[in-house]
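Visitor: I have the coordinates open and would like to go through them with you. Could we take a few local features and then turn to the overall fold?

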Amino acid sequence: MKLSHFQFNLPTELLSEFPSENRDESRLMVINRAKKTIEHKLFKDIINYFDNGDIMIMNNTKVFPARLYGNKEKTGARIEVFLLRELNAEQRLWDVLVDPARKIRIGNKLYFGEDDSLVAEVIDNTTSRGRTLRFLYDGSYEEFRYKLTELGETPIPKYITREVTPEDEERYQTIYAKVEGAVAAPTAGLHFSKHLMKKLEIKGVDFAEVTLHVGLGTFNPVEVEDLSKHKMDSEELIINQKACDIVNNAITQKRRICCVGTTSMRAIESAVSSARTLNTFEGWTNKFIYPPYDFSIANCMITNFHTPKSTLLMMVSAFCGHDLMKKAYEEAIKEKYKFYSYGDAMLII
């Protein structure tokens, strides 16, 4: 398939600026692939589609406050610094994006905090907006990380033009987030409330946790018509034995295996054995899933509504079937479902 197959007109008013009032009361579109049917529900109704022994695979990555604002030495120009990944803990080296980039050159220093308590020096250019920073801080590593957290803000997506609020700190994070390292939330998981998870647990649904630290590369635009030529950025992935045991047992028992989000799907598809079971994994993945694709493990998926030409939309198309997905998205726009990070959800069975 070509990039142009994933173009559609998305009204800007359907891009959700705020989360739903309650996590599990966002809208839910349920798509049955076998019957080719579309139903309209609330997210909390998801419990009706799962039974004892079914499992959900969830990404337990935790978003860290990756967006900082500093001032350039001498000129005092305000510079946004987006922390992408730590390169060397001992030397406090970070891979970052800067904006505006044209003002930031190797050797420049940036000052953060009202008292300039944190300083960073630019030591390399990586891409047009990418830089490598060395942070200069006298305290211990733990104190340094605390300082980053203190000065950083929740990295809600750029399409949300309003100011970050204390509500975002809580809502742009899944309730089961544990392992810090993501710069964007695995948004399908944002719909789960503690109450809903407890009800699923009582019903006998089991949860397998994987860790895929979501990077901004997930949202990079695809700029080639031939999808086979697009390269995904690598993201760190950890799958432990406990998760493998839960998933592989469900495969043996022929249960419903549901991936919560595209990140969970990419995680397990990066660690499939030749026998189509799940292997442990610790490393990096740059897997790009687009149609046609033969999924190995999950037979069910929860996802949000994605933007045109995005790699996320391509994965959903591969799982749902392109024609059915197209029909579902036309229905979603007609019914005014909310799109993107704080948007509504879709269950594909």
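Visitor: Where is lysine 309 found?
Guide: This is a predicted model, and in it lysine 309 sits in the loop that runs between S16 and helix H6 (311-320).

Visitor: What is the sign of its phi, positive or negative?
Guide: Lysine 309 has a positive phi of about 60 degrees, although it is not a glycine. Most residues other than glycine have a negative phi.

Visitor: And is lysine 309 partly exposed or buried?
Guide: Lysine 309 is partly exposed, because its relative accessible area is 32% and the range for that class lies between 20% and 50%.

Visitor: What about arginine 92, then? Where is it, and what is its phi?
Guide: Arginine 92 belongs to the loop between S6 and S7. Its phi is positive, about 60 degrees, and arginine 92 is not a glycine. Arginine 92 counts as buried, since its relative accessibility is 12%, under the 20% limit.

Visitor: Changing topic: which residues does a cis peptide bond join?
Guide: One such bond joins aspartate 99 and proline 100, with omega at about 0 degrees. Proline 100 lies in the loop between S7 and S8. The bond from proline 291 to proline 292 is also cis, and there omega is near -10 degrees. Proline 292 is placed in the loop that connects strand S15 (281-285) with strand S16 (300-304). Most peptide bonds are trans.

Visitor: Several of these loops involve S6, S7 and S8. How do the strands close into a barrel?
Guide: There are 6 strands in the barrel, in the order S5-S6-S7-S10-S9-S8, and their pairing is antiparallel. From one strand to the next the twist averages 45 degrees.

Visitor: Over how many bridges do S5 and S8 pair?
Guide: Strand S5 (residues 67-72) and strand S8 (residues 109-112) pair over 3 bridges, in the antiparallel sense. Within that pairing, lysine 72 has leucine 110 in S8 as its bridge partner.

Visitor: Which helix lies across these strands?
Guide: Helix H1 (residues 141-151) does, lying across S5, strand S6 (78-88), strand S7 (93-99), S8, strand S9 (118-125) and strand S10 (130-136). Helix H1 runs at about 90 degrees to S9.

Visitor: Now another helix: how many residues of H5 are buried?
Guide: Helix H5 (residues 262-269) is mostly covered, with 8 of its 8 residues buried. Among them are Met265, Arg266, Ile268 and Glu269.

Visitor: What do those buried residues pack against?
Guide: The buried residues of H5 pack against strand S3 (55-59), strand S12 (206-212), strand S13 (235-239), strand S14 (257-260), S16 and H6.

Visitor: On to the cysteines. How many disulfides does the count give?
Guide: The count comes to 0 disulfides. The closest cysteine sulfur to that of cysteine 259 belongs to cysteine 258, and at 7.0 Å it is too far for a bond. Cysteine 300 is in no disulfide either; its nearest cysteine sulfur, that of cysteine 258, is 3.4 Å away.

Visitor: Why is the 3.4 Å pair left out?
Guide: The pair is left out because a disulfide requires sulfur atoms within 2.5 Å, and the sulfur of cysteine 258 is 3.4 Å from that of cysteine 300.

Visitor: Are cysteine 259 and cysteine 300 buried or exposed?
Guide: Cysteine 259 is buried, with a relative accessible area of 0%. Cysteine 300 counts as buried as well, at 0% relative accessibility.

Visitor: One more residue: where is threonine 187, and what is it in contact with?
Guide: Threonine 187 is in the loop between strand S11 (179-182) and helix H3 (194-203). Neighbours within four places in sequence aside, threonine 187 is in contact with Tyr172, Asn304 and Ser341. At 16% relative accessibility, threonine 187 counts as buried.

Visitor: Finally, the whole chain. How many helices and strands are there?
Guide: The protein chain has 7 helices and 17 strands. Its radius of gyration is 21 Å, close to the 20 Å that the globule rule gives for 349 residues, so the chain is as compact as a globular protein of that length. Along the principal axes, the C-alpha atoms fill a box of roughly 65 × 45 × 40 Å.

Visitor: What share of the residues is buried?
Guide: Buried residues make up 52% of the 349 in the protein chain. The chain exposes about 16,200 Å², of which carbon and sulfur atoms supply 46%.

Notes
Residues are numbered from 1 along each chain as its sequence is written. This is a predicted model: local features need pLDDT of at least 70, side-chain atom pairs count only at pLDDT 80 or more; totals for chains, interfaces and linings use all residues. Side-chain values use heavy atoms; hydrogens and water are left out. Two strands pair if DSSP finds at least two bridges between them. Helices (H or I, at least four residues) and strands (E, at least two) are DSSP runs, numbered from the N terminus. Axes are lines fitted to C-alpha atoms, for helices over the stretch in contact, and angles run from 0 to 180 degrees between N-to-C directions. Contact means heavy atoms within 4.5 Å. Buried means under 20% relative accessible area, exposed over 50%, partly exposed in between (1.4 Å probe, protein chains only). The radius of gyration is taken over C-alpha atoms; the globule rule is 2.2 Å times the number of residues to the power 0.38. Accessible areas come from the Shrake-Rupley method with a 1.4 Å probe; for residues, only the protein chains shown count as cover.
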